[in-house]
Structure formats: structure tokens, C-alpha cells
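User: Hi! Could you walk me through this one? I'd like to start with the charged side chains and then move on to the fold.

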Amino acid sequence: MTDGELLDIARKARERAYAPYSGFTVGAALLAGDGRVFTGVNVENASIGLSVCAERNAIAKAVSEGARDFVALAVVTGSPGPTMPCGVCRQVMWEFSRDLRVLVESAGGERVVTTISELFPQPFTSYLP
């Protein structure tokens with residue numbers, strides 16, 4: 001799957017985001033090693049701390065379907081410039097893939113391609129052997 005195809009899936013997912021409080025909609029598309037793609041959207045809540053990011057939603061969906069080997073994650077937001085995943089999402093991404101490619105695109109099409117290792121060079125690892 002090409003970067004463009006994965007980003008297109010994330011763009012379409014973004015249309016289903018639930019963001020009535022911030023208006024900041026996010027769509028994610030996670031490519032698993034077996035070729036399956038899992039989407040996620042941000043889901044806000046009146047109690048803001050209960051909101052869930054699109055990236056973690058996609059990962060949770062993938063894990064619930066038996067996937068744990070991830071190749072790339074595309075994230076598309078409605079912001080004027082690329083908005084990188086939050087720290088919580090970075091930790092969750094790192095848990096499943098130390099070399100995950102991360103593609104981030106703004107509403108205007110500006111794109112950043114990086115890796116989770118570049119975004120999150122010092123993850124929490126206290127429970128790892």
C-alpha cells in the first residue's frame with residue numbers, strides 16, 4: 001500500500017470523527033504487517049479527559065482483531081499544518097512497533113513522514129524485560 005492510499009483512508013475516516021467541543025477532527029489509518037488496515041477517529045467527551053485520540057482508537061481496533069505487527073500509521077487532521085500525535089499516543093504506538101512509519105497530513109495537504117523512534121526517542125520501558 002502506498003503512503004497516498006493510506007493517507008486517503010485516514011482522510012475518509014476523519015469524516016466520521018466526533019469532535020463537537022473542539023471542532024478538531026482527526027482520522028487515522030493503521031497498516032498491519034499482514035496488509036489489513038484499521039481506521040480510527042478521535043471521539044471527544046464532555047468530560048474532556050475521557051476523549052480518545054484517533055491513533056489509539058485505530059490501534060485498539062487492530063489489537064481487538066488480532067493484529068499486533070504494524071508497519072505504518074497515517075494521521076490526517078483539520079489543522080492548517082501537520083499536527084503530530086500526542087505523547088500518550090506515541091507511547092502506545094511504541095508499545096507495538098519500534099520502527100513504525102508515521103505519516104501526518106494537514107487539511108491543506110502539508111505532509112510529514114517520520115518514524116515513532118524519531119518522534120519518541122525515550123519511551124517508558126520500566127516493565128519491559
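User: Which side chain meets Lys12 in a salt bridge?

Analyst: Happy to help; keep in mind that this is a predicted model. The partner of Lys12 is Asp8, with N and O 3.0 Å apart. Both sit in helix H1, four residues apart, so about one helical turn separates them.

User: And is Lys12 buried or exposed, or something in between?

Analyst: In between: Lys12 has a relative accessible area of 48%, so it is classed as partly exposed. Asp8 is partly exposed as well, at 30% relative accessibility.

User: What else does Asp8 pair with?

Analyst: Asp8 also forms a salt bridge with Arg11, where the closest N and O atoms are 3.3 Å apart. That pair is three residues apart in helix H1, again about one helical turn. Arg11 is partly exposed, with a relative accessible area of 30%.

User: Which residues get joined into one network there?

Analyst: Through shared salt-bridge partners, Asp8, Arg11, Lys12, Glu105 and Arg111 are linked into one network.

User: Nice. How many salt bridges does the structure hold?

Analyst: Six. One of them is between Arg101 and Asp3, at 2.8 Å from N to O. Arg101 belongs to strand E4 (residues 101–105) and Asp3 to helix H1, so this bridge ties together parts that are 98 residues apart in sequence. Arg101 is partly exposed at 30% relative accessible area, and Asp3 is partly exposed at 25%.

User: How far apart are the mean positions of the positive and negative charges?

Analyst: They are 3 Å apart, taken over 12 positive and 14 negative charges.

User: Switching to the fold: in what order do the elements run?

Analyst: From the N terminus it goes α-β-β-α-β-α-β-β-α, which gives four helices and five strands. The radius of gyration is 14 Å, close to the 14 Å from the globule rule for 129 residues, so the chain is as compact as a globular protein of that length. Its C-alpha trace spans about 40 × 35 × 30 Å along the principal axes.

User: What share of the residues is buried?

Analyst: Of the 129 residues, 40% count as buried. The chain exposes about 6,700 Å², with carbon and sulfur atoms supplying 54% of that.

User: One last thing: where does Tyr21 lie, and what does it touch?

Analyst: Tyr21 is in the loop between helix H1 (3–14) and strand E1 (26–32). Beyond its neighbours within four places in sequence, Tyr21 contacts Glu44, Asn45, Ala46 and Ile48. Tyr21 and Glu44 are 23 residues apart in sequence, with their C-alpha atoms 7.2 Å apart. Tyr21 counts as partly exposed, at 47% relative accessibility.

Key:
Residues are numbered from 1 along each chain as its sequence is written. This is a predicted model: local features need pLDDT of at least 70, side-chain atom pairs count only at pLDDT 80 or more; totals for chains, interfaces and linings use all residues. Side-chain values use heavy atoms; hydrogens and water are left out. Helices (H or I, at least four residues) and strands (E, at least two) are DSSP runs, numbered from the N terminus. The radius of gyration is taken over C-alpha atoms; the globule rule is 2.2 Å times the number of residues to the power 0.38. Buried means under 20% relative accessible area, exposed over 50%, partly exposed in between (1.4 Å probe, protein chains only). Accessible areas come from the Shrake-Rupley method with a 1.4 Å probe; for residues, only the protein chains shown count as cover. Lys and Arg count as positive and Asp and Glu as negative; His and the chain ends are not counted. The place of a charge is taken as NZ of Lys, CZ of Arg, CG of Asp or CD of Glu. Contact means heavy atoms within 4.5 Å. A salt bridge is a side-chain nitrogen of Lys or Arg within 4 Å of a carboxyl oxygen of Asp or Glu.
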